[in-house]
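The following exercises are to be worked with the sequence and the structure at hand. Each task is followed by a solution in steps.

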Amino acid sequence: MAQTGNFKSPARMSTLGGSAEVSASGAVTGGKPRESGLKGVDFERRSFLHKVVGGVGAIVAASTLYPVVKYIIPPVKELKVVKEVKGKLSDVADGTGKIYQFNEDKVIVINKGGALTAVSAVCTHLGCSVHWDNAASELACPCHGAKYKLTGEIISGPQPKPLKPYKAKIDGDSIVITKA
Ligand code: FES
């Protein structure tokens with residue numbers, strides 16, 4: 001079957017190369033060889049596709065990694081440094097202790113017979129929170145058995161240092177905790 005397409009069209013000629021010419025007999029002379037011209041077009045398309053795929057991949061990777069990185073690295077919290085912390089006197093009944101956050105430390109306020117005592121609640125061994133054992137009249141650490149006196153001195157256990165002392169006073173219906 002005979003082909004009916006226009007083999008001398010400008011589009012066809014440009015595919016063959018800009019310098020191609022057609023003789024009177026219809027023969028094409030000059031220009032790029034057919035294969036090298038098509039390879040160039042193919043290479044440019046592939047290069048463009050590589051760039052598109054690479055760009056999309058980078059966007060997907062960034063949008064996936066961003067929440068993971070945000071989760072792993074917690075936001076920097078600015079700690080507001082205070083000189084005193086207040087609590088309700090009714091929250092610390094006689095014979096009990098209550099822990100308050102005091103800047104970067106935790107402070108336990110103990111009510112023993114109406115008199116308040118405050119010391120750091122952070123065990124000096126490995127940092128667990130101590131609690132007031134009223135029956136034994138001592139501060140006890142649940143992690144490795146450290147025991148402290150009401151005023152924070154060591155009774156027994158693996159802890160290297162006593163608990164840091166604080167001040168606690170009654171002001172009306174409130175407790176006011178300050179540095180010692
Ligand atoms: S952390 Fe308190 S005894 Fe170990």
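**Exercise 1.** In which sense do β3 and strand β12 pair, and over how many bridges?

*Solution.* The model is a predicted one. Begin by locating strand β12 at residues 174-179. Next, follow its pairing with β3: the two strands run antiparallel and are joined by five bridges. As a check on the register, find Val85, which stands opposite Ile177 of β12.

**Exercise 2.** Determine the strand order of the open sheet and identify its edge strands.

*Solution.* Step one is to trace the six strands of the open sheet, which gives the order β3-β12-β11-β6-β5-β4 with antiparallel pairing. Step two is to look for strands that pair on one side only; these edge strands are β3 (84-88) and β4 (96-102). Step three concerns the twist, which averages 25° from one strand to the next.

**Exercise 3.** Which residues of β12 are the bridge partners of Ala168 and Lys167?

*Solution.* First, consider the pairing as a whole: β11 and β12 are antiparallel and share six bridges. Ala168 has Ile177 of β12 as its bridge partner, while Lys167 is matched with Thr178 in β12. Ile177 also stands opposite Val85. Finally, inspect the hairpin of β11 and β12: two residues lie between the strands, and Gly172 adopts a positive phi near 70°.

**Exercise 4.** How many bridges join strand β6 to strand β11?

*Solution.* Locate strand β6 at residues 115-120 and strand β11 at residues 165-171. These strands run antiparallel and are joined by two bridges. For a residue-level view, place Ala118 opposite Tyr166 in β11.

**Exercise 5.** Is Val69 buried, partly exposed or exposed, and to which surface patch does Val69 belong?

*Solution.* Start with the location of Val69, which is in helix α2 (residues 34-72). Then apply the cut-offs: buried means under 20% relative accessible area and exposed means over 50%, with partly exposed in between. Because its relative accessibility is 43%, Val69 counts as partly exposed. Lastly, assign the patch: Val69 joins Leu65, Val68, Tyr71, Ile72 and Ile73 in a nonpolar surface patch, whose accessible area is about 670 Å² together.

How values were computed:
Residues are numbered from 1 along each chain as its sequence is written. This is a predicted model: local features need pLDDT of at least 70, side-chain atom pairs count only at pLDDT 80 or more; totals for chains, interfaces and linings use all residues. Side-chain values use heavy atoms; hydrogens and water are left out. Patches are made of residues with over 30% relative accessible area and no salt bridge: like charges are joined within 9 Å, nonpolar side chains (Val, Leu, Ile, Met, Phe, Trp, Tyr) within 5 Å. Accessible areas come from the Shrake-Rupley method with a 1.4 Å probe; for residues, only the protein chains shown count as cover. A salt bridge is a side-chain nitrogen of Lys or Arg within 4 Å of a carboxyl oxygen of Asp or Glu. Helices (H or I, at least four residues) and strands (E, at least two) are DSSP runs, numbered from the N terminus. Buried means under 20% relative accessible area, exposed over 50%, partly exposed in between (1.4 Å probe, protein chains only). Two strands pair if DSSP finds at least two bridges between them. Axes are lines fitted to C-alpha atoms, for helices over the stretch in contact, and angles run from 0 to 180 degrees between N-to-C directions.
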